[in-house]
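Work through the exercises below with the sequence and the structure open beside you, and try each task before you read its solution.

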Amino acid sequence: MKLSPNCLRGVLLTVEDNCTFNASWTYKQNSFDLEHLAEYDHEEIIYHIKQASQSGLIQGVRYFDNGRVAIINDLTPSGHEFLANIRTDVLWNKLMSKFAGASLPILIEAAKEIAMNHFL
């Protein structure tokens with residue numbers, strides 16, 4: 001499956017919206033209350049949860065029921081940093097206009113540069 005930066009951003013935003021110190025986010029196949037992920041199907045969402053986990057952006061991921069359910073504990077410090085750098089649509093659109101087809105490590109580094117230039 002191809003990496004979709006938009007879906008990955010949706011996963012990170014959803015984790016941030018739903019996780020607290022005492023609460024994890026439970027993703028269930030066919031969930032209908034996913035504001036940031038409404039346009040994606042289960043396979044895309046679960047794939048991007050896995051990619052975010054393997055890239056060190058989210059932590060404490062556990063899968064159940066053959067991948068139909070995933071529990072995510074929270075964003076990592078790196079996940080918070082990346083999300084802060086891409087949170088606004090202005091910054092996200094700048095990143096996507098130049099780096100839409102780039103690998104995730106390049107997106108993370110480019111997001112830092114774009115955010116730094118934006119706020120200086």
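**Exercise 1. Find the residues at the centre of the largest nonpolar core, and say which elements supply it.**

Solution. In this predicted model, the largest nonpolar core has 35 residues, and the members that touch the most other members are Trp25, Ile49, Ile58, Phe82 and Leu95. The next step is to ask where the core residues come from: at least two each are supplied by helix H1 (5–18), strand E1 (25–28), H2, strand E4 (69–72), helix H3 (77–86), helix H4 (89–99) and helix H5 (104–119). As a last step, take Leu95 and set aside its neighbours within four places in sequence; the residues in contact with Leu95 are then Ile86, Ala100, Leu107, Ala110, Ala111 and Ile114.

**Exercise 2. Describe the order of helices and strands, and decide how compact the protein chain is.**

Solution. Begin by counting the elements, which gives five helices and five strands in the protein chain. Reading along the sequence, you should then find the pattern α-β-α-β-β-β-β-α-α-α. The radius of gyration of the protein chain is 14 Å, and the globule rule gives 14 Å for 120 residues, so the chain is as compact as a globular protein of that length. Along the principal axes, the C-alpha trace spans about 45 × 30 × 25 Å. Finally, consider the contacts in the protein chain with a separation of 6 or more: residues 24 or more positions apart account for 55% of them.

**Exercise 3. Summarise the surface and the charges of the protein chain.**

Solution. Start with burial, where 42% of the 120 residues count as buried. The accessible surface of the protein chain comes to about 6,900 Å², and 51% of this surface belongs to carbon and sulfur atoms. Turning to charge, there are 10 positive and 14 negative side chains, and the centres of these two sets lie 4 Å apart.

**Exercise 4. Is His42 buried or exposed, and how does Tyr47 in helix H2 count?**

Solution. First place both residues: His42 lies in helix H2, and Tyr47 lies in this helix too, which covers residues 42–54. His42 has a relative accessible area of 12%, and because buried means under 20%, His42 is buried. Tyr47 has a relative accessibility of 22%, so Tyr47 counts as partly exposed. Now list the contacts, leaving aside residues up to four places away in sequence: His42 is in contact with Tyr27, Gln29, Gly67 and Arg68, while Tyr47 touches Met1, Lys2 and Leu3. To finish, compare sequence with space for one pair, Tyr47 and Val90, which are 43 residues apart in sequence and 26 Å apart in space, taken from C-alpha to C-alpha.

**Exercise 5. Examine the phi angles of Asn30 and Asn66, and find where these two residues lie.**

Solution. Keep in mind that most residues other than glycine have a negative phi. Asn30, however, has a positive phi, near 70 degrees, and Asn66 also has a positive phi, near 55 degrees. The next step is to locate them: Asn30 is in the loop between E1 and H2, whereas Asn66 is in the loop between strand E3 (62–64) and E4. The last step concerns accessibility, for which the cut-off for exposed is over 50%. Asn30 counts as exposed because its relative accessibility is 54%, and Asn66 counts as exposed because its relative accessibility is 76%.

Technical notes: Residues numbered from 1 in each chain as written. Predicted model: local features only at pLDDT ≥ 70, side-chain atom pairs only at ≥ 80, totals over all residues. Heavy atoms only, no water. Helix = DSSP H or I, 4+ residues; strand = E, 2+ residues; numbered from the N terminus. Buried < 20%, exposed > 50% of the residue type's maximum accessible area, 1.4 Å probe, protein only. Contact = heavy atoms within 4.5 Å. Core = buried A, V, L, I, M, F, W, Y, C linked by side-chain atoms within 4.5 Å. Rg over C-alpha atoms; globule rule 2.2 N^0.38 Å. Areas by Shrake-Rupley, 256 points an atom, 1.4 Å probe, with all protein chains shown as cover. Lys, Arg positive; Asp, Glu negative; His and termini not counted. Charge placed at Lys NZ, Arg CZ, Asp CG, Glu CD.
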